[in-house]
Amino acid sequence: MDELERSIGDLVIANRILAKEDVVDAYGHVSIRHPSKPNHYLLSRSLSPEFVTREDIIEFKLDGTPVSDTRPGYLERYIHGAIYEARPEINAVIHSHAEDILPFSVSKTPMCCVAHVASDMGTHVPVWDIADKFGDATNLLVINMEQGRDMAQKLGKNSVVLMRGHGFSAAADGLLKLVRMSVYLPRNARVQFKATQLGEMKPLSSGEIQARSAGPGYKPQSPETQRAWQYWAQRAGCAHLLK
């Protein structure tokens, strides 16, 4: 199996996992940068992630133009291209509407890392408000590259950006890391929300977050990372797709 075929297979598994873990539902999408064409990325046609198969994956240029495919794509695919364009080191992107995240996108309380399993989110999570540049008459969707680039600029060098009243987008240098971060982000949000009701809380420090990221257990091929990937794939009913 060549690298492209393996990447497509992993992307299918990621779609199934993220659906099973309630990170995405009928909406939301995950992509990977093309393994041999850095100015292209791979993303499903417009389809609920739970049902994505290898045949549904489309190759796109960074501007959202499909390559040799006429099937409809996700309306917000520009999120992916804009992040890949702005961040050459990024190889996987997700957009999600996970509702546990939403309170932090519309309140003055910043989302922060309070659970060690969510340390991939980093030390800062900015909030992007589409109205700041595009006014208050949009439908809150990212439907062109101008909007995608503005959102990517707000993401900056961070791993996650919240989108006011909409959801979040996240980026990582690898697909397994992105899936892990996306699964634990809503859980972290729930823990943080509950902790604020108890009083003063203490989030992870920047040193603790860096130590987690540097640890051997967080590398893509480490037994710990592979263990989670296999577990989630089994829960999603697609363990047979693992290679």
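**Reasoning through the sheet and its helices**

Author: In this predicted model, strand E1 (residues 29-33) is largely enclosed by the rest of the structure, because 5 of its 5 residues are buried.

Reader: What makes a residue of E1 count as buried, and which residues point which way from the strand?

Author: A residue is called buried when its relative accessible area is under 20%. His29, Ser31 and Arg33 point one way from E1, while Val30 and Ile32 point the other way, and all of them are buried, so each falls under that 20% limit.

Reader: How do you know that E1 is paired with E4 and with E2, and in which sense do the strands run?

Author: Two strands are taken as paired when at least two bridges are found between them. E1 is joined to strand E4 (residues 92-96) by 4 bridges, and these strands run antiparallel; E1 is joined to strand E2 (residues 40-44) by 3 bridges, again with the strands antiparallel. Both counts therefore satisfy the requirement of at least two bridges. Isoleucine 32 has a bridge partner on each side, namely alanine 92 in E4 and leucine 42 in E2, and arginine 33 has tyrosine 41 as its bridge partner in E2. The connection from E1 to E2 is a hairpin through 6 residues.

Reader: Why are E3 and E5 called edge strands, and what is the order of strands in the sheet?

Author: The sheet is open, has 7 strands with mixed pairing, and follows the order E3-E2-E1-E4-E7-E6-E5. Strand E3 (57-61) and strand E5 (127-128) each have a single partner strand, so one side of each is left without a neighbour in the sheet, and they stand at the edges. Helix H1 (residues 3-20) packs on this sheet, where it touches E1, E2, E3 and E4, and its direction makes about 160° with that of E1. H6 also packs on the sheet, touching E1, E4, strand E6 (160-163) and strand E7 (167-172), with a direction that makes about 150° with that of E7.

Reader: What makes the pairing mixed around E6?

Author: E5 and E6 pair in the parallel sense over 2 bridges, whereas E6 and E7 pair in the antiparallel sense over 4 bridges. On the E5 side, tryptophan 128 stands opposite methionine 163 in E6, and on the E7 side, leucine 162 has phenylalanine 168 as its bridge partner. The hairpin of E6 and E7 has 3 residues between the strands, and within it glycine 165 takes a positive phi near 65°. Val160 and Leu162 point one way from E6, Val161 and Met163 point the other way, and all are buried.

Reader: Why is helix H6 called roughly perpendicular to helix H8?

Author: Helix H6 (residues 175-198) and helix H8 (residues 223-235) pack at an angle of about 65°, with their axes 11 Å apart. That angle makes H6 roughly perpendicular to H8, because the term covers angles of 65 to 115 degrees. H6 passes H8 in a left-handed crossing. In the contact, Leu176, Val179, Arg180, Val183 and Tyr184 of H6 meet Thr225, Gln226, Trp229 and Trp232 of H8, and by class the residues are 6 nonpolar, 2 polar and 1 charged.

Technical notes
Residues numbered from 1 in each chain as written. Predicted model: local features only at pLDDT ≥ 70, side-chain atom pairs only at ≥ 80, totals over all residues. Heavy atoms only, no water. Buried < 20%, exposed > 50% of the residue type's maximum accessible area, 1.4 Å probe, protein only. Axes fitted to C-alpha atoms, helices over the stretch in contact; angles between N-to-C directions. Parallel < 35°, antiparallel > 145°, perpendicular 65-115°, else oblique. Left-handed = near helix turned anticlockwise from the far one by under 90°. Contact = heavy atoms within 4.5 Å. Nonpolar A, V, L, I, M, F, W, Y, C, P; charged D, E, K, R; others polar.
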